[in-house]
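Dear colleague,

I am passing on the structure we spoke about, and it is placed directly below this note. After it I set out what was found, so that you can read the text with the model open beside you.

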Amino acid sequence: HENSDDKINKLKSIILEVIRNKKTLLIPAFSVERTQELIYIFNNMIENKEIPLVPVFLDSPLGISITKVYKKYEKEFNENVDEVIKSGDDIFSFARLTITKTKEESKQNSNSLPSKIIIAGSGMSSGGRILYHEAKYLGDENTVLLLVGFQAAGTLGRKLQDGFKKVRIMGKEINVNAKIEQ
């Protein structure tokens, strides 16, 4: 396993590449903990001017609900995060973050933007809204798919991790031209 700083630096490098080359970054994320961790990291990178503002879409109904639970229990965070919150920072919100609650919002929000980040469930691409985005974007060489968690054998996420060049999503055969990162 990479250490935390290495993971964050790799994420920052991928985001900068996506912005520089006007690409789409897809992140299939688990709704509990991983999604909130990503939003927190993006918030920090933007506030510290490590990355420019880029549209980020949180497109996971369960991830959105769990983030609300995290906010409700902010007093339970470690003291470093607690200090940030006490300073007035909303650690789960930043400029250009869009919460997409409905399928219609999900399909409309990201269409015309040259650079964007889409975080959607599920983490192994085994269901959820990420499937819609993968079906739409995996064939595009201007897409980067970032796998941020364990990918079990037999899942779409594992097939993508293993380098499959054709996958089946929602009954359609999709050519994989996107860059796959871990």
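Phenylalanine 92 is buried, because its relative accessible area is 6% and the cut-off for burial is under 20%. Please keep in mind throughout that this is a predicted model. Tyrosine 70, by contrast, counts as partly exposed, with a relative accessibility of 23%. The ring centres of tyrosine 70 and phenylalanine 92 lie 6.1 Å apart with the planes at 90 degrees, and the pair is therefore edge-to-face. This pair links distant parts of the chain, since tyrosine 70 sits in helix H3 while phenylalanine 92 belongs to the loop between helix H4 (79-86) and E3, 22 residues apart.

A search of the whole structure finds three aromatic pairs. Another of them joins tyrosine 70 to phenylalanine 77, and this one is tilted, with 6.2 Å from centre to centre and 40 degrees between the planes. Taken together, ring pairs link Tyr70, Phe77 and Phe92 into a cluster.

Phe92 also appears in the lining of the second largest pocket, which holds about 160 Å³ of space. Its companions in that lining include Ile39, Leu58, Ile64, Ser93 and Lys101. Helix H3 (61-72) and strand E3 (97-99) each supply at least two residues of this lining, and the largest share, four residues, comes from H3. By character, the lining of the second largest pocket divides into six nonpolar, two polar and three charged residues.

The largest pocket has a volume of about 840 Å³. Of the 30 residues that line the largest pocket, those closest to its centre are Lys7, Arg34, Glu37, Ile41 and Val148. H1, H2 and helix H7 (156-161) each contribute at least two residues to this lining. The lining of the largest pocket is made up of 15 nonpolar, eight polar and seven charged residues.

Helix H1, one of the contributors to that lining, covers residues 4-20, which makes 17 residues, and spans 24 Å from its first C-alpha to its last, close to the 24 Å expected at 1.5 Å a residue. Just after H1, lysine 22 takes a positive phi of about 55 degrees.

Which residues of H1 are buried? They are Leu11, Lys12, Ile14, Ile15, Glu17, Val18 and Ile19. An α-helix has 3.6 residues a turn, so residues three or four places apart point the same way. What covers the buried residues of H1 includes strand E1 (24-28) and helix H2 (34-47), together with strands E4 (116-120), E5 (143-146) and E8 (179-181).

Glutamate 17, which lies in helix H1, may be worth a look of its own. Its relative accessibility is 14%, so glutamate 17 counts as buried. Leaving aside residues up to four places away in sequence, glutamate 17 touches Lys23, Val144 and Lys179.

With best regards

Note on methods
Residues are numbered from 1 along each chain as its sequence is written. This is a predicted model: local features need pLDDT of at least 70, side-chain atom pairs count only at pLDDT 80 or more; totals for chains, interfaces and linings use all residues. Side-chain values use heavy atoms; hydrogens and water are left out. The expected span of a helix is 1.5 Å times one less than its number of residues. Buried means under 20% relative accessible area, exposed over 50%, partly exposed in between (1.4 Å probe, protein chains only). Contact means heavy atoms within 4.5 Å. On a 1 Å grid over the protein atoms alone, a cavity is a set of points where a 1.4 Å probe fits but cannot get out, and a pocket is an open set with protein on both sides within 12 Å along at least five of seven lines; lining residues have an atom within 4 Å of a point. Grid points are joined across faces, edges and corners, and a volume is the space filled by probe spheres set on the points. Ala, Val, Leu, Ile, Met, Phe, Trp, Tyr, Cys and Pro count as nonpolar, Asp, Glu, Lys and Arg as charged, and the others, Gly among them, as polar. Rings of Phe, Tyr and Trp (its six-membered ring) pair if their centres lie within 6.5 Å; planes under 30 degrees apart count as stacked, over 60 as edge-to-face and the rest as tilted.
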